[in-house]
Each structure stands twice: as C-alpha cells, then as structure tokens.
Amino acid sequence: MSTLKERIRDRALELGFDAIGFAAAGRAPHADAFHAWIDAGLNGEMAWLGREPERRCDPRLVVPGARSLIVVGFSYFVADPPADLWNDPLRGRVARYAWGPDYHTQLEPGLKALAAFIREEAGTAAQARYYVDTGPVLERAWAARAGLGFIGKNSLLIRPGTGSYLFLGVILTDVEVEPDPGAIDKGATLPADAVDGVSRTGTCGSCRRCLDICPTHAFPSAYILDSRRCISYLTIELRGAIPEPLRAKMGNWVYGCDECQSVCPWVRQYSKPREHPFLRADPETMAPFLPDLLALDEEGFRRRFRGTPLKRAKRSGLLRNAAVALGNSGKSEAVPALERAARDADPLIREHADWALRRMALR
C-alpha cells in the first residue's frame with residue numbers, strides 16, 4: 001500500500017506540477033542571511049518583506065503546529081521569439097514569466113486541489129494552507145531544502161535537469177510527512193565532474209556568468225541581490241522615478257529581466273519549451289512595440305493587460321519604462337512618441353520621456 005507521501009506526490013504530478021519535494025517545518029534555511037539582507041535595506045521599497053521578518057522565516061508562526069512544507073515547481077520556459085523581435089530597438093522586452101496570464105490564477109487551483117487532497121487523506125481536521133508567491137514564506141530556501149534544486153549565485157533556485165525558469169508553490173500543513181533529502185548547498189570547491197566551470201552535481205562551481213552579465217551590477221557578491229539596482233525591481237516594484245544613473249543600463253527591458261537566467265549553463269543546457277495552455281508565445285506580449293505602449297491611455301492599459309502580470313506595473317510604471325527603453329533605442333522614429341509622452345498628464349511619465357528625449361539628442 002502506498003504511503004501518504006507517495007499519494008501526495010502522485011496527486012501533484014496528476015495536477016500538472018513538474019516537481020514536488022517535502023521538508024520538515026522549522027526555521028528557514030538561511031534565515032539569518034535574510035535578516036541581514038533586510039537590515040541592509042537591500043529590499044528597497046518592498047517594505048512588506050521587512051514586516052515581521054521572523055514570521056517569514058518560520059512557518060510555524062504562520063500555521064501554528066505546522067510540521068511539514070510541501071513545495072511544488074512548475075516550469076514556465078517558453079521558446080524565444082523570432083530574433084528580429086528581440087533585435088528590434090523599437091520593441092521592449094518582457095521577462096519570460098509574464099508572457100502568459102497571471103501565474104497566480106493559473107497555479108492556485110492546482111495548489112488548492114492538492115491542499116484539499118492532503119486534508120482528505122490525513123483527516124478533515126488537518127490544516128493545509130497554500131501560497132503562490134504571496135505568503136510569508138521563503139519559497140526558494142524551502143524548495144532547496146525540499147530537494148527541488150539549489151540556490152545559484154544569482155539567488156534563484158536552479159533545478160538540475162530543468163533550469164531556473166520555475167514557478168514555486170508552497171503548502172504549509174500540520175500533517176507530518178517524511179522530508180526529502182535537501183539539495184546540495186552552494187559550494188565553493190569546484191567538483192571533479194565540472195565542465196567549463198559548472199558542477200554537474202548541483203552547484204555553480206566557479207561559474208559567475210550571471211554576476212557578470214547583470215547590466216546594472218545588482219549583485220554586490222555571489223548569492224546577494226541588491227534589489228534597488230535590479231531591473232526587475234526597477235521596472236515592477238519601484239513606484240517612483242528610476243535613478244538616472246541606472247536608466248541607460250536598462251536597455252529595452254520594460255517589465256522584469258531575464259539576463260542572469262538566460263546565460264546560466266543550467267538553463268541553456270536543460271531548459272526545454274514547456275507545453276501548457278496558459279503558456280503562450282504572443283510576439284506582442286514578448287516584445288511589445290514601444291510607441292504603442294506610450295499611446296495607451298488608462299482604459300487602453302487596463303484592457304490590454306487585464307489578467308496578466310504586467311498590470312502590476314500600472315500604466316504609470318509601464319509607460320515610464322517604455323520611455324526609458326525608447327530613450328535607449330537611439331532611433332529617431334522614437335521621437336514623436338516620446339514628445340507625446342512628454343505632455344502626458346502623469347508627471348512620472350513626463351519626467352522619463354523628457355530624459356529620453358535629452359538622451360536621444362546626445363546620441
């Protein structure tokens with residue numbers, strides 16, 4: 001007869017998840033490092049990360065009596081768009097995770113069903129609370145502890161055989177489930193089976209491609225991300241003006257950034273296009289035409305990005321980002337769109353359009 005753990009694993013795979021792991025509840029791996037990261041202000045304006053940090057570090061403070069964490073992974077890798085889209089300076093770039101509908105709405109039904117299955121199998125009194133990137137849980141640390149992969153130098157979870165393009169979901173439960181062996185933690189010594197500086201057994205080895213590729217130098221050291229310099233933070237989480245010294249370094253990214261993932265040997269070797277109805281390859285989502293973005297009014301923005309991750313940036317933020325990207329394009333065709341944006345009612349958009357026009361004049 002199968003064990004509870006085996007039944008949960010089988011059900012998760014039936015629900016479409018690509019990976020599942022189990023960990024015993026306790027204080028999170030690297031909790032002290034998280035506290036230090038918050039104390040250094042590296043979370044920027046993401047103030048919610050600093051609220052009750054110890055609660056975020058210990059799931060037993062979230063679900064009293066929690067005994068186990070169940071972590072699932074879902075690959076969102078979609079093949080690159082045609083090269084002419086990536087290479088068109090009048091088009092923006094959007095992080096791969098945002099090419100489809102909002103992943104929260106896509107993954108939550110599966111996690112809800114898995115949590116209900118756990119309660120049904122373990123008894124109706126069992127607790128099973130689930131989160132998809134929204135709760136006070138250090139998902140990547142627990143995913144590594146549960147054996148889904150290891151934390152790379154870019155601070156992301158890397159799963160051997162899959163890469164780092166993974167959505168993570170977590171279930172906290174008071175049901176005791178046998179934990180999985182944890183993944184190999186970050187290693188400083190280059191293993192003997194490494195190829196081109198990259199370990200084949202679960203570490204980054206001597207590779208530092210992700211650190212070196214970052215346009216804004218957001219990694220003060222390996223495994224440490226300064227969110228305040230990260231393009232993903234600047235284009236999504238930051239609500240005000242983007243610091244001027246960073247604007248010219250942002251290229252044509254308008255929502256998120258995949259630079260530190262795209263050069264990772266684990267990603268380049270193992271990521272394979274995922275087939276799933278909600279993962280779609282729409283050129284206008286992957287690489288939106290920037291003058292069209294700057295022409296969006298509030299209603300047009302809501303209509304175009306309803307139900308997608310891009311709505312999080314709001315019109316003000318996305319058009320701010322589009323203005324910066326056009327300023328970096330060096331194309332004279334961008335000037336009319338920027339001149340219109342420089343008259344926008346939103347002062348944030350006007351400021352960045354003015355900057356872009358000045359940058360164009362100096363090129």
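**Exercise 1.** In this predicted model, decide whether N321 is buried or exposed, and describe the surroundings of N321.

*Solution.*
Step 1. Take the relative accessible area of N321, which is 0%.
Step 2. Compare with the cut-off: a residue counts as buried under 20% relative accessible area. N321 is therefore buried.
Step 3. Place N321 in the fold. The residue belongs to helix α15, which covers residues 314–327.
Step 4. Look for a polar partner of the side chain. The side chains of N321 and R320 are joined by a polar contact of 2.9 Å.
Step 5. List the contacts of N321, setting aside neighbours within four places in sequence. These are L234, T235, I242 and V254.

**Exercise 2.** Determine how compact the chain is for its length.

*Solution.*
Step 1. Note the secondary structure: the chain has 17 helices and eight strands.
Step 2. Compare two values. The radius of gyration is 21 Å, and the globule rule gives 21 Å for 363 residues, so the chain is as compact as a globular protein of that length.
Step 3. Add the overall dimensions. The C-alpha trace spans about 70 × 50 × 40 Å along its principal axes.
Step 4. Turn to burial: 54% of the 363 residues count as buried.
Step 5. Consider the contacts with a separation of 6 or more. Of these, 73% are between residues 24 or more positions apart.

**Exercise 3.** Find how many cavities of 30 Å³ or more the structure holds, and describe the lining of the largest cavity.

*Solution.*
Step 1. The count is one cavity of 30 Å³ or more.
Step 2. The space in the largest cavity is about 90 Å³.
Step 3. Its lining has 14 residues, and I158, C204, C207, C210 and C264 are the ones nearest the centre.
Step 4. Helices α7 (209–213) and α11 each give at least two residues to this lining.
Step 5. Sorted by type, the lining of the largest cavity has nine nonpolar, two polar and three charged residues.

**Exercise 4.** Describe the second largest pocket by volume, lining and residue types.

*Solution.*
Step 1. The volume of the second largest pocket is about 210 Å³.
Step 2. There are 14 lining residues; F77, D80, R96, Y165 and S262 lie nearest the centre of the pocket.
Step 3. At least two lining residues come from each of β3 (93–94) and α11 (265–270).
Step 4. By type, the lining of this pocket comprises seven nonpolar, two polar and five charged residues.
Step 5. Look for an element named for both linings. α11 supplies at least two residues to the lining of the second largest pocket and at least two to that of the largest cavity.

How values were computed: Residues numbered from 1 in each chain as written. Predicted model: local features only at pLDDT ≥ 70, side-chain atom pairs only at ≥ 80, totals over all residues. Heavy atoms only, no water. 1 Å grid on protein atoms, 1.4 Å probe; cavity = no way out; pocket = protein on both sides within 12 Å on 5 of 7 lines; lining within 4 Å. Points joined across faces, edges and corners; volume = space filled by probe spheres on them. Helix = DSSP H or I, 4+ residues; strand = E, 2+ residues; numbered from the N terminus. Nonpolar A, V, L, I, M, F, W, Y, C, P; charged D, E, K, R; others polar. Buried < 20%, exposed > 50% of the residue type's maximum accessible area, 1.4 Å probe, protein only. Polar contact = N/O pair within 3.5 Å; in protein donor to acceptor, adjacent residues only side chain to side chain. Contact = heavy atoms within 4.5 Å. Rg over C-alpha atoms; globule rule 2.2 N^0.38 Å.
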